[in-house]
Amino acid sequence: MTNSQKIITQLQSKYGTAVSGKYEAIRFQYYDYVRMPANSTTNRLTFFSNPIGAVDPTSGLAKTLEETNIRRSGELDERFAIMQVRTSIDVLPMARQGSTVSAVTTAVVQGMTPTMQVLRNLNFQGVLSVNFGQKNFIQIEQPFQTCPPGYGPSIRTLSANGASQSITTYPPVSQFVSQSVDPRDVYVMDPAIFVEKGQTFGATIDFYMNNMVSLPAFSGSVAAKMNVNIGVILDGYVIRPVQ
């Protein structure tokens with residue numbers, strides 16, 4: 001350490017906002033959502049490689065804080081202890097669907113059954129791997145079943161057709177799929193994995209038996225496919241200097 005660095009360290013310990021030598025653990029999550037490809041042409045989803053502002057390769061849109069809180073590709077900003085691993089399958093709200101799908105006024109309760117059936121199959125596929133440096137630390141088979149989000153609403157919609165709407169033209173949803181929202185079902189890391197600040201890492205979900213599922217057309221009359229995001233959430237504690 002140079003003399004200037006020593007002086008700066010002394011000033012920071014005396015006048016800075018942090019208490020030198022003392023640390024605290026704060027609950028935190030690192031998360032990343034990627035757009036699910038519409039067709040089964042891929043056997044891998046890659047996470048934490050496109051930080052805020054980078055373009056999602058499938059959606060073509062720049063990522064915001066709603067989709068990731070990674071600020072540098074494949075790197076953590078702070079010391080982090082991983083306590084839980086979660087995954088999430090999110091059918092985006094109708095306002096964020098393509099114009100063809102969002103134009104269907106009854107889309108919320110009708111026409112989603114084919115998509116739900118495919119997402120059910122997705123729950124039984126894939127292997128989640130998390131690597132730090134060149135070493136694999138986490139490998140979980142069927143992660144959408146094993147590592148549910150453990151939070152959020154669980155909604156079941158029942159629709160009734162009016163006299164002017166035939167059940168053939170507007171079939172109601174017959175299947176609605178969601179992961180467990182019970183916090184007791186989350187995947188707990190025991191013991192926790194401690195990761196140093198700046199450590200390079202990455203996560204993938206690989207589909208070994210065949211390519212991942214292919215999203216179907218929204219309905220018989222609407223050929224467009226729904227927008228679905230797949231997320232990986234590392235839940236735990238960041239280690240920060242006491243303020």
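**Notebook: helix α3, the core and some rings**

I started with helix α3, whose buried residues (buried is under 20% relative accessible area with a 1.4 Å probe, protein chains only) are covered by elements including β3 (79–91), α4 (143–146) and β8 (228–241). Helices here are DSSP runs of H or I with at least four residues, and strands are E runs of at least two, numbered from the N terminus. In α3, residues 113–122, the buried ones are Thr-113, Thr-115, Met-116, Val-118, Leu-119 and Leu-122.

A note to self: this is a predicted model, where local features need pLDDT of at least 70 and side-chain atom pairs count only at pLDDT 80 or more, while totals for chains, interfaces and linings use all residues. Residues are numbered from 1 along each chain as its sequence is written, and side-chain values use heavy atoms, without hydrogens and water.

Next I looked up the largest nonpolar core (buried Ala, Val, Leu, Ile, Met, Phe, Trp, Tyr and Cys joined through side-chain atoms within 4.5 Å). It has 37 residues, and Leu-122 and Phe-48 are among those that touch the most other members. β8 gives this core its largest share, 5 residues.

Then I searched for aromatic pairs (ring centres within 6.5 Å; planes under 30 degrees apart are stacked, over 60 edge-to-face, the rest tilted; for Trp the six-membered ring is used) and got 6 in the whole structure. Tyr-30 and Phe-80 are edge-to-face, because their centres lie 5.0 Å apart and their planes stand at 85°. Tyr-30 sits in β1 (residues 23–35) and Phe-80 in β3, 50 residues apart.

I also checked Phe-48 with Phe-201: this pair is tilted, at 5.0 Å and 45°.

Definitions and conventions
Buried means under 20% relative accessible area, exposed over 50%, partly exposed in between (1.4 Å probe, protein chains only). Contact means heavy atoms within 4.5 Å.
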